[in-house]
Amino acid sequence: MFFHMVLERNMQLHPRSFGLNLRENLVSKLIKDVEGSCSGRHGFVVAITGIESVGKGLVPDGTSSSALVTFPVKYQCLLFRPFRGEILEAFVTLVNRMGFFAEAGPVQIFVSKLLIPDSMEFQAGDMPNYTTSDGSVKIQKECEVRLKIIGTRVDATEIFCVGTINDDFLAVINDPALAA
Amino acid sequence: MSVASDSSPVHSSSSDDLAAFLETELDSDSDSDSSSESFPIEAAEVAVVDVSSNHRLKRQKLEHPEDETENVASVTFSEEISEASSSKSPCEHPGTFGNMCFVCGQKVEVTGVSFGYIHKGFKLQQDEVTRLRDIDMKALQSQRKLCLVLDLDHTLLNTTVLRDLRPEEEYLKSHTHSLQDVSGGDIFMLEFMHMMTKLRPFVHSFLKEASKMFVLYIYTMGDRPYARQMAKLLDPKGEYFGERIISRDDGTVKHQKSLDVVLGQEKAVLILDDTENAWPGHRDNLIVIERYHFFASSCKQFDHRFQSLSQLKSDESEPEGVLSAVLKVLKQTHSLFFQDGGEDLSSRDVRSLLKQVRKEILEGCKVVFSRVFPTKTQAEDHPLWRVAEGLGATCATEVDASVTHVVAMDVGTEKVRWAIREKKFVVHRGWIDAANYLWKKQPEEKFGLEQLKKQGADDLTVEK
């Protein structure tokens with residue numbers, strides 16, 4: 001699910017970047033640091049949409065040669081966070097005997113064979129896939145599936161999810177072979 | 001921010017904040033009025049699934065916000081859903097993806113074997129691995145295939161770092177093939193990795209033939225990017241190896257290779273590697289191959305004083321080279337395994353079949369060793385004795401009429417003089433080593449003792 005929120009962060013800036021371009025430097029450093037990162041609480045930061053406010057810079061106590069000034073910045077950003085129970089559309093990247101891996105943006109999802117309906121069987125070969133007995137539904141690399149998230153885990157740069165398609169209205173959305 | 005380090009008491013206060021924050025954000029946002037109706041119900045369903053599953057497990061901080069936003073209207077939902085989920089049998093957690101069980105989604109203790117080469121963060125429990133191996137065995141039998149694990153360096157190719165190129169090897173830079181179309185090429189310049197790679201002669205035909213009989217794996221002591229790059233050179237279409245590229249980052253024990261990350265049953269896996277010591281637990285599955293030294297730096301690495309193939313401006317022969325000999329052995333073992341005999345396939349073991357093939361090499365030879373082993377040691381325990389026996393020869397300590405070969409390092413011994421008198425073959429130990437590496441009995445004339453003086457005792461230069 002996507003969220004658009006205001007978050008705050010303390011940015012540390014070296015005095016060499018002070019001057020006319022202070023705010024620009026601050027903003028570009030913020031973007032570099034924050035966009036593409038993940039946290040357990042907010043999920044994946046997709047993009048920063050605007051800066052709400054930049055507080056007064058704080059110079060640390062005592063003097064040291066590597067003094068960095070701290071600026072508290074409030075910024076608006078677009079967040080993406082999968083939730084347990086959420087239905088997502090994902091793009092299949094790898095199919096093997098144990099299940100298949102799919103991705104939805106920055107999120108990597110694994111659907112185990114045990115959570116794929118029994119009616120679908122694994123077919124090995126050049127393009128390994130899961131097919132129903134009558135061949136009507138096929139899950140293979142580069143097809144879209146609708147799946148339900150049953151667990152999520154976040155680390156510094158990626159979100160791992162475990163999903164299932166063993167429910168109503170889930171599985172293949174469109175088959176690239178049929179569409180062609 | 002690590003989710004796992006949070007403890008329960010801290011949960012409620014901070015998640016309260018987030019919950020309140022989320023609510024205010026959603027309420028204040030004018031577009032989301034329609035979505036705010038659906039949100040509490042969705043959240044309640046999610047909360048209920050959590051509540052009905054194990055409380056005692058340390059739950060992620062993520063799950064708590066849903067608890068708090070539960071609405072009165074959704075109480076009836078909760079009863080129905082909790083009944084449904086409690087009827088499921090407890091999950092066995094066959095494996096984890098990023099420390100969550102991939103069947104129930106709960107956070108579990110991470111144990112089991114890591115299969116990083118399939119996908120990052122993917123782990124399987126030992127029982128599940130065994131179950132998968134059984135399924136794999138059946139699938140392979142129906143396709144009439146076994147498993148073959150291949151090493152890269154000095155086995156299928158030879159790589160050198162660009163800086164270690166000797167001046168006499170500079171001519172190679174103009175002979176490199178383009179990386180855009182690797183088929184048919186065998187020497188490649190990889191500027192971005194500062195390396196140059198030479199594929200062993202016959203390797204393309206070898207892979208093509210082997211892939212018909214075996215499911216191929218790469219297992220190298222290089223790192224993952226190196227392994228993937230080499231796989232692209234050997235197998236541009238990805239048809240031979242697929243995802244089965246195991247690098248040192250995927251191994252479980254440092255500096256050692258093991259079949260624990262290979263999803264094939266041990267009795268159906270053969271290994272092709274130049275280093276015996278890399279596979280301490282699987283010597284019986286291993287076919288040791290002669291090292292491919294194309295670049296000078298490779299020879300130097302192993303303290304060899306002879307010139308490398310690039311310095312000699314030559315290469316191994318394709319039809320009579322090492323890979324071609326090994327391919328014949330693989331074909332032989334494969335046909336023995338799938339032979340229509342009395343017993344069924346599940347009781348056949350490729351390791352015993354390999355021993356069988358090996359014993360045919362020096363069958364019928366009786367070997368006596370002269371001044372090869374130090375006098376204080378037990379002759380039967382010496383590795384060379386063992387190798388000779390493994391090749392099917394009978395070994396003895398004293399000469400008699402049935403002896404066919406005398407292996408010596410020196411011309412002047414009594415046994416050698418006896419052999420010359422009785423017109424028996426006199427060879428140096430290289431004859432046994434050559435038979436071991438080339439899987440074929442070599443002509444004795446090439447290993448006579450006069451040859452020994454010419455080549456020098458250290459080298460194992462096998463005549464091709």
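Biologist: Which domains does the assignment give for chain A?
Modeller: In this predicted model, local features need pLDDT of at least 70, side-chain atom pairs count only at pLDDT 80 or more, and totals for chains, interfaces and linings use all residues. Residues are numbered from 1 along each chain as its sequence is written, chains are lettered from A and ligands numbered from 1 in the order in which they are written, and side-chain values use heavy atoms, leaving out hydrogens and water. Domain bounds come from an automatic or database domain assignment. For chain A these are domain 1 (2–80) and domain 2 (87–179).

Biologist: Which three residues supply 77% of the area that domain 1 of chain A buries against domain 2 of chain A?
Modeller: Buried area is the accessible area (1.4 Å probe) that two parts lose on being put together, summed over both. Between domain 1 and domain 2 of chain A it is about 540 Å², with carbon and sulfur atoms giving 80%. On the side of domain 1 of chain A, the three residues that supply 77%, more than any other three, are A:Cys38, A:Phe44 and A:Phe80.

Biologist: In S8(B), which residue is the bridge partner of B:Ile187?
Modeller: Strands are DSSP runs (E, at least two residues), numbered from the N terminus, and two strands pair if DSSP finds at least two bridges between them. S7(B) and strand S8 (residues 195–199) of chain B pair in the antiparallel sense over 4 bridges. Within an open sheet of 3 strands, the order is S6-S8-S7 (chain B). In S8(B), the bridge partner of B:Ile187 is B:Lys198.
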